[in-house]
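Dear colleague,

I am handing over the structure below, and I would be glad if you could look through it alongside these notes. The comments after it go from the whole chain to individual residues.

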Amino acid sequence: VGIAGREGRQAVNNSDFAIGQFSYLQRLMLVHGRWNYRRACKFTIFTFWRNAVQVLCIFYYTLISGYSGTSIFEDWIRLSFNFLCSIPVMATGCMDQDIPDLAALNNPRQYAWGRLGLD
């Protein structure tokens, strides 16, 4: 996080996020950081289970087909499966806010809930 100040714009130019004042850092970390952490966790879990379902279908088909080497899915079906299953993840990423921003600002301990497994 780069903060624009009297020293110049070196920090802003070399950072991923830039803010104009140091006081904006609290909202960036406690509100947007918490929401982003939860979204990233949901994305990781959803992607893992989506791929697990696809691999298990292929595995069971391999057992049933007698290890013949034939594919259960055409390549375009597998690609469209990944595309169509990414739509709920994108919707969750755009819409997900578990608690209001003022509640996240007033209770900074909530930031650790996901890390401690209290969610």
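What follows is an account of what was found, beginning with the overall fold and ending with the charged side chains.

Please keep in mind throughout that this is a predicted model. The protein chain contains five helices and two strands, and if one reads along the sequence these elements come in the order β-α-β-α-α-α-α. The radius of gyration of the protein chain is 22 Å, whereas the globule rule gives 14 Å for 119 residues, a value that is well exceeded, so the chain is more spread out than a compact globule. The extents of the C-alpha trace along its principal axes are about 70 × 35 × 20 Å.

As for burial and surface, 17% of the 119 residues in the protein chain count as buried, and the chain exposes about 9200 Å², of which carbon and sulfur atoms supply 64%. When contacts are restricted to residues at least 6 apart in sequence, 59% of them join residues that are at least 24 apart. On the side of charge, the protein chain carries 11 positive and 8 negative side chains, with the centres of these two sets lying 7 Å apart.

One backbone feature deserves a separate mention. Tyr-67 has a phi near 55°, which is a positive value in a residue other than glycine, and Tyr-67 is placed in the loop between α2 (24-64) and α3 (75-95). With a relative accessibility of 60%, Tyr-67 counts as exposed, because the cut-off for that class is over 50%.

I turn now to the salt bridges, of which the structure holds five. Arg-34 and Asp-98 form one of them through their side chains, at 2.6 Å from N to O, and this pair links distant parts of the chain, since Arg-34 belongs to helix α2 while Asp-98 sits in the loop between α3 and α4 (101-106), 64 residues apart. A further salt bridge joins Arg-38 to Asp-98, with 3.1 Å between the closest N and O atoms; here too distant parts of the chain are linked, as Arg-38 lies in helix α2 and Asp-98 in the loop between α3 and α4, 60 residues apart. Taken together, Arg-34, Arg-38 and Asp-98 are linked in a network of salt bridges.

How buried or exposed are the members of this network, Arg-34, Arg-38 and Asp-98? Arg-34 has a relative accessible area of 4% and is buried, and Arg-38, at 14% relative accessibility, likewise counts as buried, because the cut-off is under 20%. Asp-98, by contrast, is partly exposed, with a relative accessible area of 30%.

Another salt bridge is formed by the side chains of Asp-75 and Arg-78, at 3.9 Å from N to O, a distance that counts because the criterion is within 4 Å. Both Asp-75 and Arg-78 lie in helix α3, where they are three residues apart, about one turn of the helix. Asp-75 is exposed, its relative accessible area being 53%, while Arg-78, at 33% relative accessibility, counts as partly exposed.

With best regards

Definitions and conventions: Residues are numbered from 1 along each chain as its sequence is written. This is a predicted model: local features need pLDDT of at least 70, side-chain atom pairs count only at pLDDT 80 or more; totals for chains, interfaces and linings use all residues. Side-chain values use heavy atoms; hydrogens and water are left out. Helices (H or I, at least four residues) and strands (E, at least two) are DSSP runs, numbered from the N terminus. The radius of gyration is taken over C-alpha atoms; the globule rule is 2.2 Å times the number of residues to the power 0.38. Buried means under 20% relative accessible area, exposed over 50%, partly exposed in between (1.4 Å probe, protein chains only). Contact means heavy atoms within 4.5 Å. Accessible areas come from the Shrake-Rupley method with a 1.4 Å probe; for residues, only the protein chains shown count as cover. Lys and Arg count as positive and Asp and Glu as negative; His and the chain ends are not counted. The place of a charge is taken as NZ of Lys, CZ of Arg, CG of Asp or CD of Glu.
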